[in-house]
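Hi everyone, thanks for making time for this. I'd like to walk you through one structure, so please have a look at it before I start talking.

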Amino acid sequence: MTDTSTETNTDTAAQTSLTLLGLGDMGTALARTWLAAGHSPTVWNRTPAKAAALASEGASVAPSAAAAVAANTLVVVCLLDDASVGSALDGIDLAGKDLVNLTTGTPAEARARAAWAEERGARYLDGGIMATPTMIGVPEAGGYVFYSGSHALFETCRAVLEVPAGARFVGGNPGHAALHDVALLSAMWGMFAGVSHAYALIADEDIAPKDLAPLLSEWLGAMGFFVGNAAERLTSGDFTSGVVSNLAMQVVGSGTMLRTAEEQGVSTELVAPYVDLLRRRLAADPAAHGGEDTTGAVLLLKR
């Protein structure tokens, strides 16, 4: 896709005024943070009542999405899904606009929406928000947003985008912000699954969850080294150097973990799929894979 980023506005001073479409919990948090920082957002929401409180705080409320888009060059969208974005912007003139889409979607949806925006004469940035609404406007909370698409647009409006949360540009491919977002969320969900399994194991025992909690946090932190190690192994293709707990041993040990779950009356549905991957990797070539760590499981996930 051709980057038209040098063909439209580059005046950062003009970006103190912006339009925000969507006033759910996240959109409202964004609007309030920009208001508190002295920016002048024009807001629109499909349900007008949600804009009433913001009007009293200084936001300009547009009667329609078209009117909101017409009010400013910079248009930030934070709606339910990609279909909502298409519906809200259907038939609206986007020529010369800078469209920043913070709506959660897939990488393919982001790339298609970028092409759609470019066809209508707009520059486009896609965003993946790595924060909850309560983290917006709170720098110490550590929230940030991934951005991808037009780098020139990112630089043009970076100062405004960094007001609610940190801004991290991850490339010109419009789908990469969503991909980074989902990759991190997928790892988080895997951790949540493991924590859920751990608490289920002790549910019928004289062990309080609050007593296990600090031990879980400490152990998960100690295992954080695996993230960097796995990245290095996937880059080099070397899955055996420096391995301490090899795949053959891990597969044998997994049997104890599964039997313990059975003894405790706990389903193995959260952990068994990963164990199955490790067993498949080992069974494919025990001599070649037995001395590896568990990173090779990644190779079995690709279809």
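Let me open with a question: which residues of H7 are buried? Keep in mind that we're looking at a predicted model. The buried ones are Ala177, Ala178, Asp181, Ala193, His197, Ala198 and Ile202. They pack against helix H5 (107-119), E6, E7, H8 and helix H10 (247-263).

For those of you who like a geometry check, H7 has 27 residues, and at 1.5 Å a residue it should span 39 Å. Its end C-alpha atoms are 40 Å apart, which agrees.

Now to the surface. There is a nonpolar patch there made of Leu185, Trp189, Met191, Phe192, Trp219, Leu220, Met223, Phe225, Phe226 and Tyr274, and together they have about 1000 Å² of accessible area. H7 gives the largest share of that patch, four residues. Helix H7 (176-202), helix H8 (209-222) and helix H9 (225-236) each supply at least two. So H7 has buried residues on the one hand and patch residues on the other.

Let's pick one patch member, phenylalanine 225, in helix H9. Why do we call phenylalanine 225 partly exposed? Because its relative accessible area is 47%, and partly exposed covers the range between 20% and 50%.

Let's move to H1, residues 25-36. Its 12 residues should span 16 Å at 1.5 Å a residue, and the end C-alpha atoms are 17 Å apart, so that agrees too. H1 is mostly covered, with nine of the 12 residues buried: Met26, Gly27, Thr28, Ala29, Leu30, Ala31, Thr33, Trp34 and Leu35. What covers them includes strand E1 (17-21), strand E2 (40-44), helix H2 (49-56), strand E4 (74-77), strand E6 (123-130) and helix H6 (151-161). Just after H1, glycine 38 takes a positive phi of about 95°.

That brings us to the cores. As background, nonpolar side chains tend to be buried together in soluble globular proteins. Here the largest nonpolar core has 31 residues, and Leu20, Leu30, Val76, Val100, Leu102, Leu125 and Tyr147 have the most contacts inside it. E1, H1, H2, E4, E6, strand E7 (144-149) and H6 each supply at least two residues of this core, and the largest share, six residues, comes from H1. A second, separate core has 20 residues, including Ala88, Ile92, Trp116 and Ala122.

That's my tour. Happy to chat over coffee!

How values were computed. Residues are numbered from 1 along each chain as its sequence is written. This is a predicted model: local features need pLDDT of at least 70, side-chain atom pairs count only at pLDDT 80 or more; totals for chains, interfaces and linings use all residues. Side-chain values use heavy atoms; hydrogens and water are left out. The expected span of a helix is 1.5 Å times one less than its number of residues. Buried means under 20% relative accessible area, exposed over 50%, partly exposed in between (1.4 Å probe, protein chains only). Contact means heavy atoms within 4.5 Å. A nonpolar core is a set of buried Ala, Val, Leu, Ile, Met, Phe, Trp, Tyr and Cys residues joined through side-chain atoms within 4.5 Å. Patches are made of residues with over 30% relative accessible area and no salt bridge: like charges are joined within 9 Å, nonpolar side chains (Val, Leu, Ile, Met, Phe, Trp, Tyr) within 5 Å. Accessible areas come from the Shrake-Rupley method with a 1.4 Å probe; for residues, only the protein chains shown count as cover. A salt bridge is a side-chain nitrogen of Lys or Arg within 4 Å of a carboxyl oxygen of Asp or Glu.
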